[in-house]
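I opened my notebook for a friendly look around a ligand site and the core beside my notes on it. Here is what I looked up.

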Amino acid sequence: MAVRDADVREAGMSLNHQRVVVERGSRSGQPIVVAVHSTALGQAIGGCRLAHYADWRDGLGDALRLSEAMTEKAALAGLPHGGGKTVIALPPGTVLDEAARRAVLLDAGDVIASLNGGYATGPDVGTGPADMVTIGERTPHVFCRPAATGGSGDSSPHTATGVIAALRAVAAERFGSPSLAGRSFAVLGLGRVGTHVLRLLAESGAHVVAADVDGSRRAAAEQYGATWTDPHGCLTAEVDVLVPSALGGLLTAETVPRLACSAVAGPANNQLDVPATADLLHARGILWAPDVVVSAGGIVHAVAAELHREPAPRITARLDGIGETLAGILSAARETGCTPAVAASRLAQFLVGERATPTLAAC
Ligand code: PHE
């Protein structure tokens with residue numbers, strides 16, 4: 001399948017990606033997109049998303065946006081890696097039995113293998129460590145296989161550890177103390193990462209309201225003492241911090257006016273529908289922590305554990321470093337009047353070599 005310029009434009013991007021491969025899987029017949037945004041700092045990394053799309057071009061758009069964000073995420077996390085993403089774009093309503101799931105994953109593995117190490121994948125929305133074993137039958141460039149098969153396993157607890165470090169930095173910036181005890185949070189999305197974040201917040205003595213589109217997550221929320229609500233109630237809850245932990249695009253010109261929180265910080269990727277939404281948050285006095293910084297714990301852990309075989313305490317220090325990076329971005333934004341989004345992306349541009357200096361002129 002050729003990627004038409006019009007498709008790229010429709011997806012809202014100019015093609016500034018290094019390489020985009022779109023293939024119909026030879027086993028599964030399903031569209032597989034692997035987008036390599038940048039390898040300026042090293043091998044591109046980014047998870048494999050398995051999701052339903054009305055049109056495969058929507059999956060392409062997701063891959064383009066998410067891979068670009070991965071470049072910033074890896075750079076801001078101090079990793080010698082670029083950004084990429086795989087999207088397996090299933091038509092609406094497709095149900096994969098075990099054999100069909102295996103077929104799409106092997107197909108994705110073949111596309112990744114064809115990039116000869118320029119890109120390595122890992123789990124993302126819709127995939128987990130067991131799926132990485134299947135992809136790993138076709139390519140060695142795969143993170144987060146279960147420990148028993150030589151990988152670093154589920155990355156979600158580590159992503160959550162990084163989120164907590166980020167939330168402490170947000171609390172310090174906004175409320176003058178990094179303590180989470182007694183503060184209130186609304187966790188929207190109780191997937192693998194969201195559930196770990198909820199648990200860690202509860203353990204820190206925070207008050208938590210939580211929601212998920214899947215009502216069966218209620219028991220998990222209540223197990224940790226959270227108050228269950230519906231997604232709209234969670235989005236608009238009067239809390240200190242809203243923690244987006246589900247799919248992206250949550251923050252829009254429609255939702256921002258309804259927020260009743262002081263800050264937004266969570267692991268969901270691509271939380272802003274368009275970059276300008278950061279200005280709406282800023283204008284409302286809501287502190288937004290860029291998701292590319294907050295959500296880096298998964299890749300930080302996987303790279304440190306699998307490629308560099310670092311000991312656990314060293315990796316924990318790296319995850320805590322996410323809080324320090326965010327604190328630096330938030331204070332640079334405060335001092336210059338820029339949004340944290342602008343501060344983060346200017347720093348990322350400096351780190352990937354696209355800007356001569358990380359210094360922000362006043363905005
Ligand atoms: N889903 C992870 C992210 O968005 C991707 C990932 C995790 C890739 C771990 C490699 C290793 O950051």
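I started with Asp-124, where a polar side-chain atom sits 2.8 Å from a ligand nitrogen; I count a polar contact as a pair of N or O atoms within 3.5 Å. The model is predicted, so I noted that local features need pLDDT of at least 70 and side-chain atom pairs pLDDT 80 or more, while totals for chains, interfaces and linings use all residues. Side-chain values use heavy atoms, without hydrogens and water, and numbering runs from 1 along each chain as its sequence is written.

Next I checked two ligand oxygens contacts by residue. The side chain of Lys-73 has an N or O atom 2.8 Å from a ligand oxygen, and for Asn-269 a polar side-chain atom is 3.3 Å from an oxygen of the ligand. The protein covers 93% of the 330 Å² that the ligand exposes on its own (Shrake-Rupley accessible area, 1.4 Å probe).

Then I looked at the shell, meaning residues with a heavy atom within 4 Å. It holds 14 residues, with Lys-73, Lys-85, Pro-123, Asp-124 and Asn-269 the closest. H11 (297-307) and H2 (56-76) each supply at least two, and H11 has the largest share, three; helices are DSSP runs (H or I) of at least four residues, numbered from the N terminus.

Last came the largest nonpolar core: 57 residues, with Leu-167, Phe-185 and Val-241 among those touching the most other members. Core members are buried (under 20% relative accessible area, 1.4 Å probe, protein chains only) and joined through side-chain atoms within 4.5 Å. Helix H5 (156-175) gives the most, eight residues. Domain 1 (5-144) and domain 2 (156-297 + 325-350) both contribute, so the core lies between them; the bounds come from an automatic or database assignment.

Terms used:
Polar contact = N/O pair within 3.5 Å; in protein donor to acceptor, adjacent residues only side chain to side chain. Buried < 20%, exposed > 50% of the residue type's maximum accessible area, 1.4 Å probe, protein only.
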